[in-house]
Amino acid sequence: MKKIFVLMLLVCVLLVGAISCKNSPSAPAPSPSSDEPAKRPATLRLGYFTENYKKGDTQPKGTVYYTDENGKITTLSLQDAGVTTDFNATTAGENKTLKITYKGIDCVGTYNVYELEEVSVEGCFVVGDNTTYDFFPGSDKVVITKYTSWNQFMNFDTDPTETETTYTRALSSTGKTVIKVTEGEDTHTFYPDGNGGISTYGTDLDLPQPKIGEWYVSTTPEKGKVLPLVKNKYAAIRFTTDGRMKIWFTADISDGNLATLLAADTPDVTVAANFIKFGLGGVKIDTVTVDPANAKNFKMYTRNDFETFCIVSYSDDTYNGYDFALQLKKD
């Protein structure tokens, strides 16, 4: 009986000990469920941002990303309600710090402020197909001239269309002073080169164009799958005073034979003046059917200031055409 009592007492002690361990403050807390969202503070981060401004601008341009305490991201414009900045473009300077605030949270960026430079552009520039812009010294005046063809540009056979307007100065995305010309619904941007010109645009005097009345001959005869008219023949070309292009295909490009061809004046193909235009790359012919038999899908483009140029023709379903590189024939 005494042994049974001792055994029962020992079991009670063990049970009390186990209960005491479970209620002990030193026991580790249970892990949170993986389904519960993590708690975090809200943040504000700079997104797209325009870094360069002209002196006198009143607002910065860009966006910020606001992430709330639940992780939801909202994209805001710097002009949206509740977004404030300390933007100041009253003075020029680089690497200015911009403080942006939303709902009491800040983020920062840097920006530059430039003063627009004085601009001096003078001369007539080829700016597009059959189009020139005339700039005048000491003035923001621009005369836009539209031509119908290279021949009209070269000879003024009829009056081209002229429109007078003005340019404005602006700041490029890279912080350079540029000029802008509005033509209809389009606005064109030009970079003054500091020497009275505009970068990447040539003047009308620098336009690559053919020499009137001179012979241009192909460097090799055409071979392969081509029109029978041109197979194993050279191309010989002359440009006329009225803006046309005359093409002969001949096996003999000696001076004597070229003189004979010129005297007969029966070219294989004659390209009308209205097909020949000029543009940024010089005088050219965009793809056009000049002659359904011998000059279908005909094209001309220039190289090396028109001492070398190419003519190409091909049919719709097979090549069956020609491709000539021509050079000015030297005396």
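**Reading cores, sheets and rings in a predicted model**

Modeller: In the largest nonpolar core, which has 32 residues, Met245, Phe298 and Ile311 touch the most other members. Keep in mind that this is a predicted model.

Colleague: Which elements give two or more residues to this core?

Modeller: One helix appears in the list, helix 2 (150–155). The strands are strand 15 (234–239), strand 16 (245–250), strand 17 (269–271), strand 19, strand 20, strand 21 (308–313) and strand 22 (322–328). Strand 22 provides the largest share of this core, 4 residues.

Colleague: What does Met245 touch, leaving out residues up to four places away in sequence?

Modeller: Contact means heavy atoms within 4.5 Å. On that basis Met245 touches Ile237, Arg238, Phe239, Val269, Thr270, Val271, Ile276, Ile285, Phe298 and Met300.

Colleague: What other core lies apart from it?

Modeller: Another core has 16 residues, including Phe49, Val64, Leu78 and Val113.

Colleague: Let us put that in context. How many helices and strands does the protein have?

Modeller: There are 3 helices and 22 strands. Of the 331 residues, 36% are buried. Take the contacts between residues at least 6 apart in sequence: 45% of them join residues at least 24 apart.

Colleague: How do I read a sheet?

Modeller: Start with the general idea. Strands of a sheet pair through backbone hydrogen bonds, in either a parallel or an antiparallel way. Now the case here. An open sheet is formed by 4 strands, in the order 2-7-6-5, with mixed pairing. Its edge strands, strand 2 (52–54) and strand 5 (84–85), each pair on one side only.

Colleague: In which sense do strand 6 and strand 7 pair?

Modeller: Antiparallel, over 8 bridges. Strand 6 covers residues 93–102 and strand 7 covers residues 105–114. For register, look at Gly93: it stands opposite Val113 in strand 7. Val113 is also one of the residues in the core of 16 residues.

Colleague: Now the rings. How many aromatic pairs does the structure hold?

Modeller: It holds 26. Take Phe135 and Tyr167: the ring centres are 6.1 Å apart and the planes meet at 50 degrees, so this pair is tilted. Tilted covers plane angles that are neither under 30 degrees nor over 60.

Colleague: Why does the pair tie together parts that are 32 residues apart in sequence?

Modeller: Because Phe135 lies in strand 9 (residues 131–135), while Tyr167 lies in strand 11 (residues 161–171).

Colleague: Are these two residues buried or exposed?

Modeller: Buried means under 20% relative accessible area. Phe135 has 2% relative accessibility, so it counts as buried. Tyr167 has 9%, so it counts as buried as well. Ring pairs also link Phe135 and Tyr167 into a cluster with Phe125, Tyr133, Phe190 and Tyr201.

Colleague: What about Phe306 and Phe309?

Modeller: They form a tilted aromatic pair, 4.9 Å centre to centre, with 40 degrees between the planes. Phe306 is buried at 1% relative accessibility. Phe309 is buried at 0%.

Colleague: Where does Lys141 lie relative to Phe136?

Modeller: Over the face of Phe136, at 4.6 Å from the ring centre.

Colleague: Last, a polar case. Where does Asn297 lie?

Modeller: In the loop between strand 19 (282–288) and strand 20 (298–303). Asn297 has 13% relative accessibility, so it counts as buried. A polar atom of its side chain lies 2.9 Å from the backbone oxygen of Tyr314.

Notes. Residues numbered from 1 in each chain as written. Predicted model: local features only at pLDDT ≥ 70, side-chain atom pairs only at ≥ 80, totals over all residues. Heavy atoms only, no water. Buried < 20%, exposed > 50% of the residue type's maximum accessible area, 1.4 Å probe, protein only. Polar contact = N/O pair within 3.5 Å; in protein donor to acceptor, adjacent residues only side chain to side chain. Phe/Tyr/Trp six-rings, centres within 6.5 Å; stacked < 30°, edge-to-face > 60°. Lys NZ or Arg CZ within 6 Å of the ring centre and 35° of its normal. Pairing = 2+ DSSP bridges. Core = buried A, V, L, I, M, F, W, Y, C linked by side-chain atoms within 4.5 Å.
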